[in-house]
Structures are given as C-alpha cells and as structure tokens.
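Biologist: I've got a new model to look at and I'm still learning the ropes. Can you walk me through it?

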Amino acid sequence: MKIEELNYKKGGKKILEDVNLKLDSGKIIGLLGENGAGKTTLMRIIAGVNSVSEGVITVNGNTKKILIKENVSLSDHLDGFKATNKISEIVHFYNAVYQDFSITKYEDIANFLGLDMTKKLAALSTGTRGKLVIALTLARSAKLYLLDEPLSGIDSISRKKIISSIIRWKDDDSTIIISDHYVTAIASLLDEVVIIKNQKIRDLIPVEQIQSDYHLGIEAYYEKVYLGEIQ
Ligand SMILES: Nc1ncnc2c1ncn2[C@@H]1O[C@H](COP(=O)(O)OP(=O)(O)OP(=O)(O)O)[C@@H](O)[C@H]1O
C-alpha cells in the first residue's frame, strides 16, 4: 500500500497534509492519533470511500478506485442496516456484494467469537456487534484490512477474543491497519506504528525500533511523541 502526496480537505478545513506512506505486505500496523487526528478519514481514503483531489493511493499495484475496493476490506459499523435485520441477512448481503467473501470463513470466525446467526442487529450488545463487524471484515479475502477502532466500547475478555481472531485469521501476505485508542490492548499485535499528529504522518516506525532505540512500550512512545518529548 502506498500513499503519495496526499492532501485532504473537508468543508474548507485541512484534515491531512503532505501524506506519503509506504507499507510492506504481511505487516500489522497500528494507526495512532488523538481524537479527530484523521485516522478514520485516512482509512476511508485508502479504501476508496472518500475521494481525493490531491494524491495517489496504490493498493496491490492498483490505483483505480474500483480495483482498490476489491483489494481492501474496511470494517463497516453496519449503520446502513436496519435494526430488524438478522445477522444471517447481513451475512448474505456481504456474500452477495463481495466476491471474496467466504461464508465458511465467516462461520469459523463467528463460531470462535460465539455469534448467533438468528439474532437481530437491535438485540446485539456493543461487544457482540463489534465481534460481528470483525467476523464480516475478516471473512473477506483481501490484501489489505482496515480495522477502525475494533475494540471501542468492548470489555477486556471480548477484546482478547477479537485480538485472537485477528491473529488467527490473518493471511501471511495480507496487511492489516488497525486504529484504536486502547494502544496497550493492540500492542501485542503490532509490527509497526504510524502516528498522525497535526494533520501529518509524524512517524512510521517498527515496534522493535521503539524498543531498541527508545526503550519504551508503544503507548509511552506514542504519548511522548504527542507531548513533543520525542521530536
Ligand atoms: N464529514 C465531515 N465534514 C467535515 N469535517 C469532517 C467530516 N468528517 C470528519 N471531519 C473532520 O475531520 C477530522 C478528522 O476526523 P476523523 O474522524 O478522521 O478522526 P479520527 O482520528 O478518526 O478521530 P477519533 O479518534 O475521534 O475517531 C476531524 O477534525 C473531523 O471533525
């Protein structure tokens, strides 16, 4: 995945500036930044949901939006579905829309996470809904997975299950970008960290380098970057 010379504005406000980023395949990358830093916006741009007027996005060698969408699985918060929709209906919708969606893979992940096909969306707790989002997103066979705050509002036991499912169902050559405010919760997953600060990509750093050069955990490093204690 490559982003070149990206500038992005919304409603006249600069949201992302001079973004250049190249990620190797096979890695799990943590996308970190304070509220409103632009993490969701960047994921939506990479996935081809938000259009850009300045900049080029390349995923698996493709720059056309339609081809990028085939290669990218973006976690969807399911707001487009009705409260009365059953999980089974949502799964069938995904299966109809995405050629790379595997019902078998969905069922494996759903069984692991304890999801019940007959439940309606309205009956799901925040944690169960989060698990459904993960199962649907990972059941596609994409080159790049974008997981936007998959642990938001989810208790620690369910968080661990979700993290285990990400590790278990990740293909070796696919890349995952994961954003979350629970930095410590996702730390064990990460190979590299990208930090957005003041509309710019402040850092792309391997986790090993954070440990070897700064002798810090990811959260402490991230906080020091934000506080300006690491330049
Ligand atoms: N549709 C929109 N119209 C105008 N501004 C927007 C729109 N969507 C997002 N923004 C602005 O873009 C900036 C980045 O928002 P974004 O949701 O990408 O941040 P984030 O890092 O994901 O935040 P959070 O951690 O709170 O989810 C914010 O200042 C937000 O107000």
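Modeller: Sure, one term to start: helices (H or I, at least four residues) and strands (E, at least two) are DSSP runs, numbered from the N terminus. Residues are numbered from 1 along each chain as its sequence is written. Keep in mind that this is a predicted model, where local features need pLDDT of at least 70 and side-chain atom pairs count only at pLDDT 80 or more, while totals for chains, interfaces and linings use all residues.

Biologist: Okay, which helix gives the largest share of the shell around the ligand?

Modeller: A residue counts as near the ligand if its C-beta atom, placed from the backbone, lies within 6 Å of it. The surrounding residues include Lys-10, Ile-15, Lys-39, Thr-40 and Thr-41. Three residues make up the largest share of that shell, and they come from a helix spanning residues 39-46, namely H1.

Biologist: How many residues of that shell are polar?

Modeller: Ala, Val, Leu, Ile, Met, Phe, Trp, Tyr, Cys and Pro count as nonpolar, Asp, Glu, Lys and Arg as charged, and the others, Gly among them, as polar. Gly-11, Gly-33, Gly-36 and Gly-38 are among the residues around the ligand. The split is two nonpolar, two charged and, for polar, seven.

Biologist: Which helix gives the most to the largest nonpolar core?

Modeller: A nonpolar core is a set of buried Ala, Val, Leu, Ile, Met, Phe, Trp, Tyr and Cys residues joined through C-beta atoms within 7 Å. Buried means 20 or more other C-beta atoms within 10 Å of a residue's own, exposed means 12 or fewer, and partly exposed is in between, with C-beta atoms placed from the backbone. This core has 61 residues, and Ile-29, Val-72 and Ala-135 are among those touching the most other members. Its top contributor, with five residues, covers 126-138: helix H5.

Biologist: And at what angle do H5 and helix H6 pack?

Modeller: Axes are lines fitted to C-alpha atoms, for helices over the stretch in contact, and angles run from 0 to 180 degrees between N-to-C directions. H6 covers residues 156-169, and the two axes are 10 Å apart, with an angle of about 5 degrees.

Biologist: So what do we call that arrangement of H5 and H6?

Modeller: Under 35 degrees counts as roughly parallel, over 145 as roughly antiparallel, 65 to 115 as roughly perpendicular, and the rest as oblique. That puts H5, relative to H6, in the class called roughly parallel.

Biologist: Is Asp-100 buried, exposed or partly exposed?

Modeller: Asp-100 sits in the loop between helix H3 (87-97) and helix H4 (103-113). Two residues are in contact if their C-beta atoms, placed from the backbone, lie within 7 Å. Beyond its neighbours within four places in sequence, Asp-100 contacts Arg-140, Ser-141 and Ala-142. Because 13 other C-beta atoms lie within 10 Å, Asp-100 is partly exposed.

Biologist: What is the phi of Asp-18?

Modeller: Most residues other than glycine have a negative phi. Asp-18 lies in strand E2 (residues 13-22) and counts as exposed, because it has 12 C-beta neighbours inside 10 Å. Asp-18 is not a glycine, yet its phi is positive, at about 50 degrees.

Biologist: Where is Asn-60?

Modeller: Asn-60 is another residue other than glycine with a positive phi, near 55 degrees. With 16 C-beta neighbours inside 10 Å, it counts as partly exposed. Asn-60 belongs to the loop between strand E4 (54-58) and helix H2 (65-71).
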